[in-house]
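These are my notebook entries on a structure I went through element by element. I looked up strands, helices and charged pairs in turn.

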Amino acid sequence: MALFVLLGSKGGAGRTASSIVLSAGLAAIGLRPLHLQITMSGAQPVIASAKGVPFATAAIAEHDATPDAIRHTIAAHPQCSTVVIDMVKRTVWDTVLDYPAPVVLFPMRREAHEIELAVRDYRDLQPYQSSGRDLLSRSRSISHSGARRPTHGASGILLPVAWPDTADERAVETAVARFDGSLRVGLSRPHILWPGIPEFTRDHLDDLINTSEYVCSSAIAAAAVPLARSVSQLRA
């Protein structure tokens, strides 16, 4: 089973929208995803009860999201070959490390404070990274090899979200480097999935992310498939 975790330490970073776009793309290319949302305290699940969703959905309240609860929910969907977990905090680490070669995606919007937080979250994953696993060209190695479970180490990658059309991969790397002080002490530069997710209009996002009916615009559908293919290749 392929496991992809959309992770961020704050709300508003595009995490939930990105996880739904990714799930839509995975469904479109035939990978039968389960979208599992870990909801914040008092928040309602976004699409777990919506009609017309083309993939399996589930939700667990944050205070109930133990590793056992997450594993049980995943096991309750044996028809799914892929799991996309949308969550805020790090209660998922023990669950992630129980699955072979999980990928943790850190959505990163273009504002300075969003880049800084995404990079910080990315670096927090380093002790769990699998040694020598390269996500993009496989020509670089990950610096930290002290994963708690080396055979099941997680791999992390920054996912640009809603960057301007004028930005290219080098511009994103330059922006990230401004906030990644660990580069100065010899760590490898962060992995960045490029291109990421384009900027969608508010109307498109409001239609996609609602609790009653799933509506995916043609623009979102067009972006979802290449994203799903790129993310799937991270585990190839």
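**Entry 1. Helix 4.** I note at the outset that the model is a predicted one. I began with what the buried residues of helix 4 pack against, and found strand 5 (103–108), strand 6 (155–160) and helix 5 (169–177). The buried residues themselves are Glu114, Ile115, Ala118, Val119, Asp121, Tyr122 and Arg123. I then checked the length of helix 4, which covers residues 112–124. Its 13 residues reach 19 Å from the first C-alpha to the last, close to the expected 18 Å.

**Entry 2. Strand 2.** I next asked how many residues of strand 2 (residues 33–39) are buried. The count is seven of seven, so strand 2 is largely enclosed by the rest of the structure. I recorded the two directions separately. Pro33, His35, Gln37 and Thr39 point one way, while Leu34, Leu36 and Ile38 point the other, and all of them are buried.

I then looked up the pairing partners of strand 2. Strand 4 (residues 82–87) runs parallel to strand 2 and is joined to it by five bridges. In this pairing, Pro33 stands opposite Thr82. Strand 3 (residues 56–61) also pairs with strand 2 in the parallel sense, over six bridges. Here I noted Ile38 opposite Ile60.

**Entry 3. Ser18.** I looked up Ser18, which belongs to helix 1 (residues 15–28). Is Ser18 buried or exposed? Its relative accessible area is 3%, under the 20% cut-off, so I entered Ser18 as buried. Setting aside neighbours within four places in sequence, I listed its contacts as Leu6, Pro107, Leu159, Val161 and Ile197.

**Entry 4. Salt bridges.** I found seven salt bridges in the structure, and I entered the details of some of them.

Asp86 and Arg15 form one, with their closest N and O atoms 2.5 Å apart. This pair links distant parts of the chain, since Asp86 is in strand 4 and Arg15 in helix 1, 71 residues apart. I recorded both Asp86 and Arg15 as buried.

Glu199 forms a salt bridge with Arg110, and the closest N and O atoms are 3.7 Å apart. Glu199 lies in the loop between helix 5 and helix 6 (202–208) and Arg110 in the loop between strand 5 and helix 4, so the pair ties together parts 89 residues apart in sequence. Arg110 has 34% relative accessibility and therefore counts as partly exposed.

Glu173 and Arg189 meet through their side chains in a salt bridge, at 2.7 Å from N to O. Glu173 is in helix 5 and Arg189 in the loop between helix 5 and helix 6, and the two are 16 residues apart. I entered Glu173 as partly exposed because its relative accessibility is 25%. Arg189, at 37%, counts as partly exposed too.

**Entry 5. Helix 7.** I closed with helix 7 (residues 218–233) and asked which of its residues are buried. They are Ile220, Ala223, Ala224, Leu227, Ala228 and Val231. I considered the spacing of these positions with the helical repeat in mind. With 3.6 residues a turn in an α-helix, residues three or four places apart point the same way. The buried residues of helix 7 pack against strand 1 (2–7), helix 1, strand 5, strand 6 and helix 6. For length, the 16 residues of helix 7 should span 22 Å, and the end C-alpha atoms are 24 Å apart, which agrees.

Technical notes
Residues numbered from 1 in each chain as written. Predicted model: local features only at pLDDT ≥ 70, side-chain atom pairs only at ≥ 80, totals over all residues. Heavy atoms only, no water. Helix = DSSP H or I, 4+ residues; strand = E, 2+ residues; numbered from the N terminus. Expected span 1.5 Å × (residues − 1). Buried < 20%, exposed > 50% of the residue type's maximum accessible area, 1.4 Å probe, protein only. Contact = heavy atoms within 4.5 Å. Pairing = 2+ DSSP bridges. Salt bridge = Lys/Arg side-chain N within 4 Å of Asp/Glu carboxyl O.
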